[in-house]
Amino acid sequence: MLLSTANSHSAQLKRHKTSMNTARAIDPDTLQTHRSHLVRYAILQLRDPHLAEDVVQETLVAAIESRDKFSAQSSVRTWLVGILKHKIMDVLRKRAREPQLDVAEGEDEGELIDALFNEHGRWSSPPQTWANPEQTMENAHFWEVFEQCNQRMPLNTARAFMMREFMDMTTKEICQELSISTTNCWVLLHRARLTLRECLDLNWFGNVR
Amino acid sequence: MLNCKQNTELLSQALDRPVTFREKVAMRFHLMMCRGCRNFEKQVAFIHKAARELPRKL
């Protein structure tokens with residue numbers, strides 16, 4: 001009895017020690033500094049600033065509650081984004097169950113694809129080379145343009161694309177979440193890439209046609 | 001023989017699923033002759049990479 005109390009006491013001490021180590025990184029004030037980053041991330045995925053705020057709030061609360069689980073090996077931001085992803089997934093799952101998703105949405109995008117290719121399926125105006133895309137990644141302004149291009153995508157297209165690229169889900173998982181067929185999923189992802197490519201071409205790489 | 005529209009669809013799917021040998025050959029063949037699609041392939045790879053980088057850059 002005594003022994004087990006002693007053990008649990010030492011376990012408590014140990015936990016306390018770890019939490020002391022990470023406490024500075026995870027205290028509410030520090031977490032606030034990550035808030036705007038997290039909100040932007042959530043808005044991209046959810047397209048709803050209020051919902052994004054709520055999800056981020058939940059994330060920060062969850063982070064404080066589970067701060068003992070934070071390991072100093074990852075950065076605080078990576079850790080927070082990890083929690084946020086789960087929270088976003090919960091919202092998306094709930095949404096997928098509501099019958100509001102309309103995959104036939106993309107009439108305009110059918111038009112986009114029609115405009116990109118002629119009746120023989122050849123490029124109406126073939127993509128030109130992009131100058132220094134690698135260097136571009138170092139440019140903060142590029143990321144603003146990239147973010148805007150993401151936001152301009154139609155909702156369902158963007159949703160599928162972000163599940164794939166930001167959340168690293170497989171197409172199978174995306175199909176399940178969005179209740180669409182695999183083929184539909186590939187179509188959405190392809191449209192997303194075509195749309196993004198056009199947007200970056202026009203707004204960043206400056207290949208005006 | 002693929003046209004550009006079909007080829008871009010396949011290039012995109014190659015990022016989302018394993019493609020068959022036959023599909024791979026068809027894409028390579030088209031790419032040899034089509035500069036527009038070669039640029040598209042590179043640019044889509046760039047977008048793929050950039051999208052994965054975005055959470056850190058926001």
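Asn132(A) is partly exposed, with a relative accessible area of 48%, and the residue sits in the loop that runs between helix H5 (107–116) and helix H6 (133–136) of chain A. In this predicted model, the phi angle of Asn132(A) is near 45°, a positive value in a residue other than glycine. Such a value deserves a second look because most residues other than glycine have a negative phi. Ser179(A) also has a positive phi, near 50°, and is likewise a residue other than glycine. Ser179(A) belongs to the loop between helix H9 (171–178) and H10 of chain A, and with a relative accessible area of 55% it counts as exposed, because the cut-off for that class is over 50%.

**The two chains**

Chain A holds ten helices and zero strands, and its pattern along the sequence is accordingly written α-α-α-α-α-α-α-α-α-α. Chain B comes to three helices and zero strands, with its elements running α-α-α from the N terminus on. The table sets out the overall values for each chain.

| Chain | Residues | Buried residues | Contacts 24 or more positions apart, among those with a separation of 6 or more | Accessible surface | Carbon and sulfur part of that surface |
|---|---|---|---|---|---|
| Chain A | 209 residues | 44% | 71% | about 11600 Å² | 53% |
| Chain B | 58 residues | 52% | 51% | about 3200 Å² | 57% |

**A buried leucine in chain A**

Leu84(A) lies in helix H4 (residues 76–97) of chain A. Is Leu84(A) buried or exposed? Its relative accessible area is 0%, and Leu84(A) therefore counts as buried. Leaving aside neighbours within four places in sequence, the residues in contact with Leu84(A) are Leu38(A), Tyr41(A), Ala42(A), Val55(A), Val56(A) and Thr59(A). For one of these partners, Thr59(A), the separation between its C-alpha atom and that of Leu84(A) is 5.5 Å, although the two residues are 25 residues apart along the chain.

**Helices of chain A against H3 of chain B**

Helix H7 (residues 140–152) of chain A packs with helix H3 (residues 35–57) of chain B at an angle of about 105°, and the axes of the two helices are 11 Å apart. At that angle H7(A) is roughly perpendicular to H3(B). From H7(A), the residues taking part are Phe142(A), Trp143(A), Phe146(A) and Asn150(A), and they meet Phe46(B), Ile47(B), Ala50(B), Ala51(B), Glu53(B), Leu54(B) and Lys57(B) in H3(B). Sorted by class, this contact of H7(A) with H3(B) has eight nonpolar, one polar and two charged residues.

Helix H8 (residues 155–165) of chain A also packs with H3(B), the axes coming within 9 Å and crossing at roughly 75°. H8(A) is therefore roughly perpendicular to H3(B). On the chain A side the contact is made by Phe161(A), Arg164(A) and Glu165(A) of H8(A), while H3(B) supplies Ile47(B), His48(B), Ala51(B) and Arg52(B). By class, the contact of H8(A) with H3(B) has three nonpolar, one polar and three charged residues. Ile47(B) and Ala51(B) are named both in the contact with H7(A) and in the contact with H8(A).

**Arg193(A), a buried arginine with partners in both chains**

Arg193(A) lies in helix H10 (residues 182–203) of chain A. Why does Arg193(A) count as buried? The reason is that its relative accessibility is 1%, because buried means under 20% relative accessible area when the protein chains are taken into account. Which residues does Arg193(A) touch, not counting residues up to four places away in sequence? In chain A these are Phe161(A), Arg164(A) and Glu165(A), and in chain B they are Ser12(B), Leu15(B), Asp16(B), Val44(B) and Ile47(B). With Asp16(B) there is also a polar contact of 2.9 Å that joins the two side chains.

The chain A partners of Arg193(A) bring the account back to H8(A), since Phe161(A), Arg164(A) and Glu165(A) are touched by Arg193(A) and are also the residues through which H8(A) contacts H3(B). Ile47(B), in turn, is touched by Arg193(A) and is listed among the residues of H3(B) that H7(A) meets.

Notes
Residues are numbered from 1 along each chain as its sequence is written. Chains are lettered from A and ligands numbered from 1 in the order in which they are written. This is a predicted model: local features need pLDDT of at least 70, side-chain atom pairs count only at pLDDT 80 or more; totals for chains, interfaces and linings use all residues. Side-chain values use heavy atoms; hydrogens and water are left out. Helices (H or I, at least four residues) and strands (E, at least two) are DSSP runs, numbered from the N terminus. Buried means under 20% relative accessible area, exposed over 50%, partly exposed in between (1.4 Å probe, protein chains only). Contact means heavy atoms within 4.5 Å. Accessible areas come from the Shrake-Rupley method with a 1.4 Å probe; for residues, only the protein chains shown count as cover. Axes are lines fitted to C-alpha atoms, for helices over the stretch in contact, and angles run from 0 to 180 degrees between N-to-C directions. Angles under 35 degrees count as roughly parallel, over 145 as roughly antiparallel, 65 to 115 as roughly perpendicular and the rest as oblique. Ala, Val, Leu, Ile, Met, Phe, Trp, Tyr, Cys and Pro count as nonpolar, Asp, Glu, Lys and Arg as charged, and the others, Gly among them, as polar. A polar contact is a pair of N or O atoms within 3.5 Å; within protein, one must be able to donate a hydrogen and the other to accept it, and residues adjacent in sequence count only if both atoms are side-chain atoms.
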